[in-house]
2 protein chains.
Amino acid sequence: MEIQEERVVATIYDVAQAARVSVKTVSRVLNEEAAVRPSTRERVLQSMQQLNYTPSTAARTMRTQKTGLIGVLTTAITSAPTTPDAAGLPSVNLLKGIQSVMDRSGMLMMVADTGESPERLEQLARTFREHRVEGILYVADYHQSVSPPASLFELPTVLVNCFDEHQRLPAVVPDDVAGGYRAAEAALSRGHRRIGFLTLPETMVATQLRNQGFLEAHEAWEVQVDPGLVLSVGKFLDPPQEEARALRHALEQLLNLREPPTAICCGNDKMAMSLYMQLQQWGVSIPEQLSVVGFDDYTLITELLNPRLTTVALPYVEMGQRAASRLIQEIQGVAEDRSDRIVEALAGPVIWRHSVKDLR
Amino acid sequence: MEIQEERVVATIYDVAQAARVSVKTVSRVLNEEAAVRPSTRERVLQSMQQLNYTPSTAARTMRTQKTGLIGVLTTAITSAPTTPDAAGLPSVNLLKGIQSVMDRSGMLMMVADTGESPERLEQLARTFREHRVEGILYVADYHQSVSPPASLFELPTVLVNCFDEHQRLPAVVPDDVAGGYRAAEAALSRGHRRIGFLTLPETMVATQLRNQGFLEAHEAWEVQVDPGLVLSVGKFLDPPQEEARALRHALEQLLNLREPPTAICCGNDKMAMSLYMQLQQWGVSIPEQLSVVGFDDYTLITELLNPRLTTVALPYVEMGQRAASRLIQEIQGVAEDRSDRIVEALAGPVIWRHSVKDLR
DNA sequence: CGGTGTCATGACACCGGTGTCATTTAGTCG
DNA sequence: CGACTAAATGACACCGGTGTCATGACACCG
């Protein structure tokens, strides 16, 4: 009565034996090193096939110290399960951009979600180091300032959609100043002169920057900004109902002005959608009576609203790609062009649809 | 003139030397094996701290053959970059569910996106095997039938949001029959008797099942189904404009009936949103003149529409959790309860909001 | 005080690849 | 045909942990 041994995976020794060569020769075939006679190579390949051989990265790693692994720390997946999709979901596009570059470079991503707790982040960074990742990407779900744990400084690291308070780490963020500029310009260039701006909560980084861009655009077009037209809507983590109420209130305020705006820029597409809903209820037609500009190009919304929403895109895919490229450069020790800004800001284009009326 | 050697990470030998013990003792401290004198333990821990020691999983793996790695193959991240967010994005919730379970089990996810090409899938599965993942999750972005490559059968594998044509692999899918049933019931239970059903393209798996559920519900409530009320909208990968036109057409058809429906169930929330837009243009008020039921509970839409949309939720988080649990069970060789269905279908609840009028 | 069992620790092989260097084989040329 | 060179291959150590087993120290016991 023989004990049936559970068959484990074949090793390089099994292949060597089957092909009647040394393990080193098998290794040579694997890595396409020089000088293996075609007939031998063929024999080895056949044996590998037969045994369904898969080399072990673990073993290889020990010797070469290379893993081909990139650690991705993110809140983008889990987000807060409590905040229903906040502004979050499109940030998956960041991952999309990252993925595409990693792919081309033959790197594999280990993805871990930090969830809420900061000590979790520390712990995950540790786990990544145990797996000897060659670099780390920290991906935030909206533009923000972070204070990364010390462990991130010990490996090549690039921050995505966020920056550390002391700006020591390379980072790729959206250019929100340019974004605000373009949003305002979208209306200005079509002849609008009184433009409302419903901003995200003031505590958010993006809000301030977009505000700045909004003002700069008016300056460039030599249009005076009426401060009464710029309103912050809601606080940081208001419940949805509260948010809706705040918007309604702000909107009333704008439309009841002696000289109401002819266009309104929104902090994001979600807000634009709420605005559509509200205006519809009041019988205000878009864009005939009021033009609307969104922010994010959340296509789900922008393409489905009626009329389709003109909006400023966030270049998430490009940001992801750029961040991944920078990380790989850093890993490969390519002489980083020091003239590069540590924090790199990428602007997205205005996507023209049908929610802005041309007054010219 | 000494050459400054680049300092690489500390090994267990460095720690052993610093603590003046054998490597084995360090190993014992690491793994909390029995019997290390407290004083020794303390010394070792200190040395580890000082050297910033991080054990190498690669080395450990070689000996123990355990990696704590799970491979996740998905189209959920990249989706088709061409299809703007199709029905896709909420499938991130699948990852969320998976992540939460992996976390609890101390497993780490390697995520790779299959993109479009099938050979890419084969290649990624191979890469996973090289890293000696202990199991694989294949995550689809919508309920579908797949023909997985042979390599998936060589490791514990669970399919998520899809099933293989021969149903050999364990799978977790949404219970679309129950979904269709509940959607219809949402209207039926509020007194509606003529209920329109705008379905997704007929080629999709979900469509047929939901149809079936829709019919079963009517049977259970002893309500006759008028076949003229069930319309398929659009083909598989229609461009958005085409889709919108198809919807408008279908809607006209329904509302021009001699006896038009008092409620309409939609194939998904996105369609419901288009429907809102259209009805608004025609001046048909929801839910006073027409009730609407969605599908998916895509909160971005459902919470923002006015009135907020009553919809059938897809239990993505639970599906992810369930799939992850099953995979881990299988890895640990827990005697799988064979009475379990190979393909497990999970139903989501109706989320009641304000788009269905109570006729009773 | 010697025998015995337990506790704490160490020596050493091993996991599956790759790097180094030696060795064998084939190829070229005078 | 033999010498010499290049090509092909093999022997063996090594990477950084863990498993097995041996060994030293010490308490306990008769």
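How are H2(A) and H3(A) oriented relative to each other? Let's start there, and keep in mind throughout that this is a predicted model. H2(A) and helix H3 of chain A, residues 38–51, pack with their axes 10 Å apart, at an angle of about 90°. Anything from 65 to 115 degrees counts as roughly perpendicular, so H2(A) and H3(A) are roughly perpendicular to each other. From H2(A) the contact uses A:Thr25, A:Val26 and A:Val29, and from H3(A) it uses A:Thr40, A:Arg41, A:Val44 and A:Leu45. By class, that gives four nonpolar residues, two polar and one charged.

Okay, over to chain B for another helix pair. Helix H1, residues 12–19, and helix H2, residues 23–31, have axes that come within 8 Å and cross at roughly 105°. That makes H1(B) roughly perpendicular to H2(B). On the H1(B) side you'll find B:Ile12, B:Tyr13, B:Val15, B:Ala16 and B:Ala19, and on the H2(B) side B:Val23, B:Val26 and B:Ser27. Seven of the residues in this contact are nonpolar, one is polar and none is charged.

Now, the DNA. Around DNA strand C there are 24 residues, and the closest are A:Ile12, A:Ser27, A:Ala59, B:Ala35 and B:Met62. So which elements give two or more residues to that surface? They are H2 and H4 of chain A, together with H2 and H4 of chain B. By class, the surface near strand C splits into 10 nonpolar, eight polar and six charged residues.

DNA strand D also has 24 residues around it, and here A:Ala35, A:Thr40, A:Met62, B:Ile12 and B:Ser27 come nearest. A couple of those names should sound familiar: A:Thr40 was in the contact of H2(A) with H3(A), and B:Ile12 and B:Ser27 were in the contact of H1(B) with H2(B). For strand D, at least two residues each come from H2 (23–31) and H4 of chain A, and from H2 and H4 (57–64) of chain B. The class split on this surface is 10 nonpolar, eight polar and six charged.

On to how the two chains relate. Chain A superposes on chain B by a rotation of 180° with 0.0 Å of shift along its axis, at an RMSD of 0.1 Å. That is the relation of a two-fold axis. Both copies use the same surface, too, with 98% of the contact residues of chain A recurring in chain B.

And the interface itself: 43 residues come from chain A and 42 from chain B. On the chain A side, at least two residues each come from H4 (57–64), H5 (92–104), strand E2 (108–113), H6 (118–130), H10 (269–282) and H11 (299–302). That side divides into 21 nonpolar, 13 polar and nine charged residues. I'd point you to E2 in particular, since E2(A) and E2(B) pair in the antiparallel sense over three bridges. If you want a residue to click on, A:Met109 has B:Val111 in E2(B) as its bridge partner.

Last topic, the sheets. In chain A, six strands form an open sheet in the order E7-E6-E8-E9-E10-E12, with mixed pairing. The edges are E7 (230–232) and E12 (350–351), each pairing on one side only. Inside the sheet, E6 (195–199) and E8 (263–266) of chain A pair in the parallel sense over four bridges, and A:Phe197 stands opposite A:Cys265 in E8(A). Helix H7 of chain A, residues 176–188, packs on the sheet and touches E6, E8, E9, E10 and E12, with its direction at about 160° to that of E9(A). Helix H8 of chain A, residues 205–220, lies across E6, E7 and E8, running at about 170° to E6(A).

Chain B has its own open sheet of six strands, in the order E7-E6-E8-E9-E10-E12 and again with mixed pairing. What does standing at an edge mean for E7 and E12 of chain B? Each has a single partner strand, so one side of each is left without a neighbour in the sheet. For E7(B) we can look at the pairing: three bridges join E7(B) to E6(B), and the two run parallel. One of the residue pairs there is B:Leu198 with B:Leu231 in E7(B). Helix H8 of chain B touches E6, E7 and E8, at about 170° to E6(B).

Conventions:
Residues are numbered from 1 along each chain as its sequence is written. Chains are lettered from A and ligands numbered from 1 in the order in which they are written. This is a predicted model: local features need pLDDT of at least 70, side-chain atom pairs count only at pLDDT 80 or more; totals for chains, interfaces and linings use all residues. Axes are lines fitted to C-alpha atoms, for helices over the stretch in contact, and angles run from 0 to 180 degrees between N-to-C directions. Angles under 35 degrees count as roughly parallel, over 145 as roughly antiparallel, 65 to 115 as roughly perpendicular and the rest as oblique. Two residues are in contact if their C-beta atoms, placed from the backbone, lie within 7 Å. Ala, Val, Leu, Ile, Met, Phe, Trp, Tyr, Cys and Pro count as nonpolar, Asp, Glu, Lys and Arg as charged, and the others, Gly among them, as polar. Copies are superposed by least squares on the C-alpha atoms of residues with pLDDT of at least 70 in both. Two strands pair if DSSP finds at least two bridges between them. A residue is near a molecule or strand if its C-beta atom, placed from the backbone, lies within 6 Å of it.
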